[in-house]
Amino acid sequence: MVKPLYNFNLALGRPDIIPIMGVIIPTLKAPIGNTDWIIVKTTHSVTAQGFTTQLEMETRKRQEEKDARPVEESEQ
C-alpha cells in the first residue's frame, strides 16, 4: 500500500526548515490538515519573485515503515 506524499510551497521562504522536521498544517482541510507529516526534501529558491521554500513531505507512518524494514541476512 502506497502512503501519501505531499508537496507544499511556502510563498515566504523559511531557511530554518530542513528535512526530518515534523509538520502539521492545521489551516488546511482534512485529511491533509490533520495529518502528521515529515519533511523528506526542502528546496530553497531565490528568484525575481523573492525567497521561497518548497517542501516534499510524507506521512510520518510512511517514514516509520521505511525505518523499520527488516535486515537482510547479507547485511548482518
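In what order do the 4 strands sit in the open sheet? The order is β1-β4-β3-β2, and the pairing is antiparallel. Keep in mind that you're looking at a predicted model. Along the sequence, though, the elements come as β-β-β-β-α, so let's walk through how the pieces fit together.

**The overall picture**
- The chain has 1 helix and 4 strands.
- It runs to 76 residues, and 25% of them count as buried.
- Its accessible surface is about 5800 Å², with 57% of that belonging to carbon and sulfur atoms.
- Take the contacts between residues at least 6 apart in sequence: 46% of them join residues at least 24 apart.

**The sheet, strand by strand**
- As a bit of background, strands of a sheet pair through backbone hydrogen bonds, and they can do so in a parallel or an antiparallel way.
- Here, β1 and β2 are the edge strands, each pairing on one side only.
- β1 (5–10) pairs with β4 in the antiparallel sense, over 6 bridges.
- If you want to find that pairing in the model, look for Tyr6, which stands opposite Met57 in β4.
- β3 (37–47) and β4 (50–59) run antiparallel, joined by 10 bridges.
- One spot to check there is Thr42, whose bridge partner in β4 is Leu55.
- The link from β3 to β4 is a hairpin, and it passes through 2 residues.
- β2 covers residues 22–23, and its antiparallel pairing with β3 has 2 bridges.
- Within that pairing, Val23 has Trp37 of β3 as its bridge partner.

**The nonpolar core**
- In soluble globular proteins, nonpolar side chains tend to be buried together.
- In this model, the largest nonpolar core has 8 residues: Leu10, Ile17, Val23, Ile25, Trp37, Ile39, Leu55 and Met57.
- Strands β3 and β4 each supply at least two residues of this core.
- Some of these names should ring a bell: Val23 and Trp37 are the bridge partners from the β2–β3 pairing, and Leu55 is the partner of Thr42.

**Aromatic rings**
- How many aromatic pairs turn up in the whole structure? A search finds 2.
- Tyr6, Phe8 and Trp37 are linked into a cluster by ring pairs.
- Trp37 is worth a second look, as this residue belongs to the ring cluster and also to the largest nonpolar core.

**The salt bridge**
- There is 1 salt bridge in the structure.
- The side chains that meet in it are those of Arg14 and Asp16, at 2.7 Å from N to O.
- Are these two buried or exposed? Arg14 is partly exposed, because its relative accessibility is 39%.
- Asp16 is partly exposed too, because its value is 43%.

**Two loop residues to look up**
- Ile20 lies in the loop between β1 and β2.
- Phi of Ile20 is near 80 degrees, which is a positive value in a residue other than glycine.
- Ile20 counts as exposed because its relative accessible area is 70%, and the cut-off for exposed is over 50%.
- Pro31 sits in the loop between β2 and β3.
- The peptide bond joining Ala30 and Pro31 is cis, with omega at about 5 degrees.

Methods
Residues are numbered from 1 along each chain as its sequence is written. Side-chain values use heavy atoms; hydrogens and water are left out. A nonpolar core is a set of buried Ala, Val, Leu, Ile, Met, Phe, Trp, Tyr and Cys residues joined through side-chain atoms within 4.5 Å. Buried means under 20% relative accessible area, exposed over 50%, partly exposed in between (1.4 Å probe, protein chains only). A salt bridge is a side-chain nitrogen of Lys or Arg within 4 Å of a carboxyl oxygen of Asp or Glu. Rings of Phe, Tyr and Trp (its six-membered ring) pair if their centres lie within 6.5 Å; planes under 30 degrees apart count as stacked, over 60 as edge-to-face and the rest as tilted. Contact means heavy atoms within 4.5 Å. Accessible areas come from the Shrake-Rupley method with a 1.4 Å probe; for residues, only the protein chains shown count as cover. Two strands pair if DSSP finds at least two bridges between them.
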